[in-house]
Amino acid sequence: MNLIFMGPPGAGKGTQARQIADKYGIPQLSTGDMLRAAVKAGTEVGRKAKAAMESGGLVTDDIVVGIIADRISDADCKKGFILDGFPRTVAQARALDSMLMERKLKIDHVIDITCDTEALVARITGRSTCAGCGEGYHKEHKKPKKAGVCDKCGGTLTTRADDNEETVRNRLSVYDQQTAPVIDHYRHKGAFKTVDGMQEMDTVFKNLCAIIG
Ligand code: AP5
Ligand code: MG
């Protein structure tokens, strides 16, 4: 089962992808998480990506396409994968098409999680993330049992460097300009679905499962 989760920053791609990954036993491939790990580790990719990520712009297509091409070749992707935050430009979508064709793979569902703009800003500016396992929290919608501590692994909750209001608004405008056209790319191909991300997290999850089967 190969899936693509699309949607603007804060729509719930990561929240849902982690749960779907657990349920279906396939990995969540988040280019954002992989790039943040590279920045933290100070690798060459991380050094190239840092400035774009901090301003809310996009990292270059060649970097993210390279990351995904390597990652989908790993053994844990044999049963399938969930792409979270990739592709984000039409050029990335075309590169993915070629990558999949070479490997005789196809995408089963492209699912766009939709959400109102002001709700996105409130979600992102209220978010915290576990430094240990990556679990996401929110100061109103998903509070940890103990402040600053992950319920799942006991790790420390951190705030992302790009989760301030100014950067969020830039990420949203970059999404409208560069990522929204990717929706048309997939709409023409079929297997494109939309899920209302304004609903409760559990309802969004149930609706995704109904599509995935
Ligand atoms: P990335 O990490 O992908 O960030 P993003 O797309 O901006 O999306 P987010 O992770 O912020 O949101 P999400 O949809 O995962 O929401 P979440 O589930 O956490 O990318 C970061 C940067 O990396 C980019 O800006 C770019 O620089 C670079 N990059 C990454 N991929 C790239 C690519 N392919 N090409 C080029 N550059 C790339 O939820 C958000 C919050 O809301 C949480 O607190 C959560 O608890 C809460 N929440 C979730 N669902 C609900 C709900 N239904 N109701 C209420 N609250 C909810
Ligand atoms: Mg995410």
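This report describes the surroundings of a ligand, a small sheet and a pocket in a predicted model.

Ligand 1 is surrounded by 33 residues, and the closest of these are Thr-15, Gly-57, Arg-88, Arg-127 and Arg-171. The shell around ligand 1 divides into eleven nonpolar, 13 polar and nine charged residues. Helices α1 (13-24) and α2 (31-41) and strand β6 each supply at least two residues of this shell, and α2 gives the most, with four residues. Three polar contacts of ligand 1 are listed in the table.

| Ligand 1 atom | Protein partner | Distance |
|---|---|---|
| oxygen | N or O atom in the side chain of Lys-13 | 2.9 Å |
| nitrogen | N or O atom in the side chain of Thr-31 | 2.8 Å |
| nitrogen | polar backbone atom of Gly-85 | 3.0 Å |

Taken alone, ligand 1 exposes 1100 Å², of which the protein buries 96%.

Strand β6 also belongs to an open sheet of three strands, which has the order β6-β5-β7 and antiparallel pairing. Strands β6 (136-138) and β7 (157-158) form the edges, each pairing on one side only. Strand β5 (residues 127-130) pairs with β7 in the antiparallel sense over two bridges, and Cys-130 stands opposite Leu-157 in β7.

The second largest pocket has a volume of about 210 Å³, and the residues that line this pocket include Leu-96, Asp-97, Met-101, Lys-106, Tyr-186 and Lys-189. Its lining divides into eight nonpolar, one polar and three charged residues. Helices α5 (90-102) and α7 (165-189) each supply at least two residues of the lining, while α5 gives the most, with four residues.

Technical notes. Residues are numbered from 1 along each chain as its sequence is written. Chains are lettered from A and ligands numbered from 1 in the order in which they are written. This is a predicted model: local features need pLDDT of at least 70, side-chain atom pairs count only at pLDDT 80 or more; totals for chains, interfaces and linings use all residues. Side-chain values use heavy atoms; hydrogens and water are left out. On a 1 Å grid over the protein atoms alone, a cavity is a set of points where a 1.4 Å probe fits but cannot get out, and a pocket is an open set with protein on both sides within 12 Å along at least five of seven lines; lining residues have an atom within 4 Å of a point. Grid points are joined across faces, edges and corners, and a volume is the space filled by probe spheres set on the points. Ala, Val, Leu, Ile, Met, Phe, Trp, Tyr, Cys and Pro count as nonpolar, Asp, Glu, Lys and Arg as charged, and the others, Gly among them, as polar. Two strands pair if DSSP finds at least two bridges between them. A residue is near a molecule or strand if one of its heavy atoms lies within 4 Å of it. A polar contact is a pair of N or O atoms within 3.5 Å; within protein, one must be able to donate a hydrogen and the other to accept it, and residues adjacent in sequence count only if both atoms are side-chain atoms. Accessible areas come from the Shrake-Rupley method with a 1.4 Å probe; for residues, only the protein chains shown count as cover.
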